[in-house]
There are 2 protein chains.
Amino acid sequence: MINKNAPVGVFDSGVGGLTVMREIMRQIPNERIVYFGDTARVPYGSKSKDTITRYSRQIVRFLQAMEVKAIVVACNTASAYALDELEREVDIPIIGVVKPGARVAAQATVNGKLGVIGTEGTISSGIYTEYIEKINPNITVIGKACPLFVPLVEEGLWQDPVTEDIARRYLGELIDTGIDTLILGCTHYPLIRATVGRLLGEGVSMVNPAYETARELQELLAKEGMLNDTQGKLGEEKYRFYVSDAAEKFRRFANSIIKYGILSAKTIHIEEY
Amino acid sequence: MINKNAPVGVFDSGVGGLTVMREIMRQIPNERIVYFGDTARVPYGSKSKDTITRYSRQIVRFLQAMEVKAIVVACNTASAYALDELEREVDIPIIGVVKPGARVAAQATVNGKLGVIGTEGTISSGIYTEYIEKINPNITVIGKACPLFVPLVEEGLWQDPVTEDIARRYLGELIDTGIDTLILGCTHYPLIRATVGRLLGEGVSMVNPAYETARELQELLAKEGMLNDTQGKLGEEKYRFYVSDAAEKFRRFANSIIKYGILSAKTIHIEEY
């Protein structure tokens with residue numbers, strides 16, 4: 001029996017997935033959410049497939065212990081490396097951020113030249129290229145890893161000359177290839193959207209997979225008759241936050257992304273799951 | 001019975017501790033070394049005392065399983081947070097990088113104004129201040145956390161305008177306070193020593209705890225009659241490298257710090273210790 005009023009589980013390596021949670025809150029405001037940020041092992045982007053798969057499995061077990069009805073892998077690296085295996089292992093719906101982002105980007109490009117930026121893990125997995133070529137083999141996908149963006153975002157340098165300088169180096173080659181569409185292939189990147197957008201100029205549109213992921217979740221829950229039909233109050237009962245370390249720092253950062261006043265985040269030992 | 005010919009264990013969150021290992025290799029070339037880099041959970045500097053202590057304990061158990069005769073905590077954050085507890089728990093000599101660095105810095109300052117740079121964890125622990133005030137209560141210690149230095153070093157931007165720009169922001173206030181000595185309180189920082197030194201100018205001397213730590217290890221082993229009296233050949237038998245993730249990437253980076261040609265690094269599951 002499906003409990004429609006059970007929460008949706010959302011996880012990421014840290015705070016980036018909050019940009020996805022924010023979209024879910026906007027688009028399906030009735031849903032309860034349990035968010036997990038793996039702050040004890042952040043970042044994921046520089047680590048291997050084996051390690052990320054092991055970490056993701058532990059988190060899925062934790063979310064299942066919290067009796068979630070569906071899971072959103074709100075991290076591109078974990079979606080790239082672990083989603084296929086997780087799908088085989090769990091019996092509730094589980095979606096990642098890569099497929100929804102790839103789908104909308106493939107529709108958005110006019111000249112067939114598509115850029116993707118992400119962590120080393122996401123880019124070297126080649127997963128965006130793989131999905132997009134399945135949708136339309138005529139599209140050329142050009143990937144670029146941007147390893148310093150996550151630490152810069154986590155330092156709060158969202159609008160800063162240093163972030164702009166680093167972004168110019170990362171994006172220079174991509175822009176020269178004549179792309180007309182750029183996928184923000186890491187859930188941290190919407191937070192530096194303004195800086196990236198300034199460099200890209202008006203001829204290039206940005207795709208934020210968070211928006212499409214929330215839409216796909218809504219459609220999936222609707223199709224399965226799993227949409228929450230009660231309207232809970234904002235607050236701790238509706239949105240719960242768990243992390244593997246440094247809960248207070250997470251809470252402060254989360255409040256700068258999701259602006260309704262997060263009162264608490266709890267620390268758990270994720271290695272025990 | 002002490003096995004004098006057993007290796008010394010050295011650990012860090014990742015590659016930073018290699019600057020300490022390099023000093024040990026220079027100063028006590030007869031010693032065999034087992035190095036462990038916690039690349040699956042790097043960085044340590046932004047994580048809490050509880051988490052760092054748990055991680056350090058697992059690593060110490062791994063090194064004991066490798067039958068090391070002594071352990072060097074080649075990470076300032078782990079030295080700051082976990083060394084006191086580790087000392088109580090293990091029956092072989094164990095030293096960190098903080099005390100040796102604090103001691104030499106307290107001797108080096110002439111005007112009694114001492115700066116310390118390190119990770120958020122190291123600086124907020126206040127451990128350098130505590131040790132130095134015990135040695136000489138007249139010294140004023142001014143700490144400054146530099147959270148972007150580790151990612152910039154790991155990106156290889158050792159000599160780069162961006163690193164210089166960030167360093168200028170971090171160091172500006174410190175320099176204005178009139179310090180004459182600066183402790184490089186993170187084992188990654190010797191790699192950006194040139195950039196930091198240019199900003200400090202000639203009036204400020206830098207203290208690299210790696211050098212003093214190797215000297216303290218040498219003295220400790222000599223006092224306990226534990227110095228290795230055989231002279232092994234360079235190579236895999238003498239220096240062994242273990243990591244918790246991404247061994248090949250580690251190997252490449254390690255070869256840019258320790259230049260004798262590291263042939264392999266092995267990945268282990270550190271959570272199982």
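Chain B is superposed on chain A by a rotation of 180° with 0.0 Å of shift along its axis (RMSD 0.0 Å), the fit being by least squares on the C-alpha atoms of residues with pLDDT of at least 70 in both copies. That is the relation of a two-fold axis. The model is predicted, so local features need pLDDT of at least 70 and side-chain atom pairs count only at pLDDT 80 or more, while totals for chains, interfaces and linings use all residues. Residues are numbered from 1 along each chain as its sequence is written, and chains are lettered from A in the order in which they are written.

**The two copies**
- In chain B, the C-alpha of B:Arg41 is the nearest to the axis, at 2.4 Å.
- Both copies use the same surface: 100% of the contact residues of chain B (heavy atoms within 4.5 Å) recur in chain A.

**Helix 8 against helix 8**
- Helix 8 (residues 161–176) of chain A packs with helix 8 (residues 161–176) of chain B at an angle of about 170°, their axes 10 Å apart.
- Helix 8 of chain A is therefore roughly antiparallel to helix 8 of chain B, a term for angles over 145 degrees.
- Among the residues making this contact are A:Ile166 and A:Arg169 of chain A, and B:Ile166 and B:Arg169 of chain B.

**The sheet of chain A**
- Four strands form an open sheet in the order 6-5-7-8, with parallel pairing; strands pair if DSSP finds at least two bridges between them.
- Strand 6 (140–145) and strand 8 (205–207) are the edge strands, each pairing on one side only.
- Strand 5 (residues 113–118) and strand 7 (residues 181–184) pair over four bridges.

Conventions
Side-chain values use heavy atoms; hydrogens and water are left out. Axes are lines fitted to C-alpha atoms, for helices over the stretch in contact, and angles run from 0 to 180 degrees between N-to-C directions. Helices (H or I, at least four residues) and strands (E, at least two) are DSSP runs, numbered from the N terminus. Angles under 35 degrees count as roughly parallel, over 145 as roughly antiparallel, 65 to 115 as roughly perpendicular and the rest as oblique.
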